[in-house]
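Trainee: Could you take me through one part of this model in some detail? I'd like to follow the charged pairs along a helix and then see what else turns up around the fold.

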Amino acid sequence: MLLHPLRLRIVETVAAAARPVTAAALLGELPDVAPATLYRHLNLLARSGVLRVVGEQPKRGGIERSYALHEAATHLDEAAARELTPGDHTRGFAAFTAHLLDAWGRYIQRAAASGSVDLAADGAGFRSALLHLDDAEFRELVAALQTTLRPFFERGPGPGRRARLWSTIVFPFER
C-alpha cells in the first residue's frame, strides 16, 4: 500500500509538518501533483490506516479533512514481509528507489535553481560500503544504530531545523 512514490511523498510531507494537514495544505507543498491524484492517494492512505482523519470542518459546501500520520502503520512488520512474494518485494523496492531518485532529483533541481549544488553545505550525499559481519555482529550493528539514532528521529520540526531524508538499504551482497 505505502510503497508508491507519490504515497511516500505524501507521508513524508505529513510527517515533516508534525501537525495535522489538509489536502489544500498538501497541494501547496506538492504543486506538481494534480488535485484529483492527490485526493485519490489520500483516500487510499486513509483507508489503509497510514493516515488518520483527525478533523473535519465545513468548507465551501464540502468537508475539509485534516490528516495525521499513523506512524505504526508505515512499517512493514516481519510477519507481513514473509507473506510477500518475490515479485512483491521487487516491486516494493522499485517504488522505494524510484521515490529516492525523485526526491534526489527535486533536491538537485532546487539547489541548482538557487545558484549551486553544494552537497557538503547541505549535508547531502550517498555512498555504499561492504561490511563483513556474521549474523550476531550484524544484529549488534543494527542495535547500536537504533540506539544512537532514536533520539534524533524523535525530534520534530523546530526553529533552525531542516528536514532531511534518511534512508537505508541493507541486503546481503551476492557476487
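Mentor: Let's start in helix H5, which spans residues 86-113 and holds both aspartate 88 and arginine 91, three residues apart, or about one turn of the helix. Keep in mind that this is a predicted model. Aspartate 88 and arginine 91 form a salt bridge, with their closest N and O atoms 2.8 Å apart. The two partners aren't equally open: aspartate 88 is partly exposed at 29% relative accessible area, while arginine 91 counts as exposed at 54%.

Stay in helix H5 for another pair, aspartate 102 and arginine 106, which sit four residues apart and so are separated by about one helical turn. Their side chains meet in a salt bridge too, at 3.0 Å from N to O. Aspartate 102 is partly exposed, with a relative accessible area of 32%. This pair also belongs to something wider: Arg9, Asp32, Asp102 and Arg106 are joined into one network by salt bridges that share partners. Over the whole structure, the search finds eight salt bridges.

Another of these takes us to the sheet. Glutamate 56 and arginine 65 make a salt bridge through their side chains, 3.1 Å from N to O. Here the glutamate is exposed at 53%, and arginine 65 is partly exposed at 36%. As for the strands, E2 and E3 (residues 62-69) run antiparallel and are joined by eight bridges. One of the partnerships puts arginine 52 opposite alanine 68 in E3. The sheet itself is open, with three strands in the order E1-E3-E2 and antiparallel pairing. Strands E1 (21-22) and E2 (51-59) are the edges; each has a single partner strand, so one side of each has no neighbour in the sheet.

Now for the surface patches. Asp134, Asp135, Glu137 and Glu140 form a negative one. Glutamate 140 lies in helix H7, residues 135-153, and is exposed at 58% relative accessibility. There's a nonpolar patch as well, about 380 Å², made by Leu131, Leu133, Phe138 and Val170. Leucine 131 is in the loop between helix H6 (119-122) and H7, and with a relative accessible area of 56% this leucine is exposed.

Notes: Residues are numbered from 1 along each chain as its sequence is written. This is a predicted model: local features need pLDDT of at least 70, side-chain atom pairs count only at pLDDT 80 or more; totals for chains, interfaces and linings use all residues. Side-chain values use heavy atoms; hydrogens and water are left out. Patches are made of residues with over 30% relative accessible area and no salt bridge: like charges are joined within 9 Å, nonpolar side chains (Val, Leu, Ile, Met, Phe, Trp, Tyr) within 5 Å. Accessible areas come from the Shrake-Rupley method with a 1.4 Å probe; for residues, only the protein chains shown count as cover. A salt bridge is a side-chain nitrogen of Lys or Arg within 4 Å of a carboxyl oxygen of Asp or Glu. Lys and Arg count as positive and Asp and Glu as negative; His and the chain ends are not counted. The place of a charge is taken as NZ of Lys, CZ of Arg, CG of Asp or CD of Glu. Helices (H or I, at least four residues) and strands (E, at least two) are DSSP runs, numbered from the N terminus. Buried means under 20% relative accessible area, exposed over 50%, partly exposed in between (1.4 Å probe, protein chains only). Two strands pair if DSSP finds at least two bridges between them.
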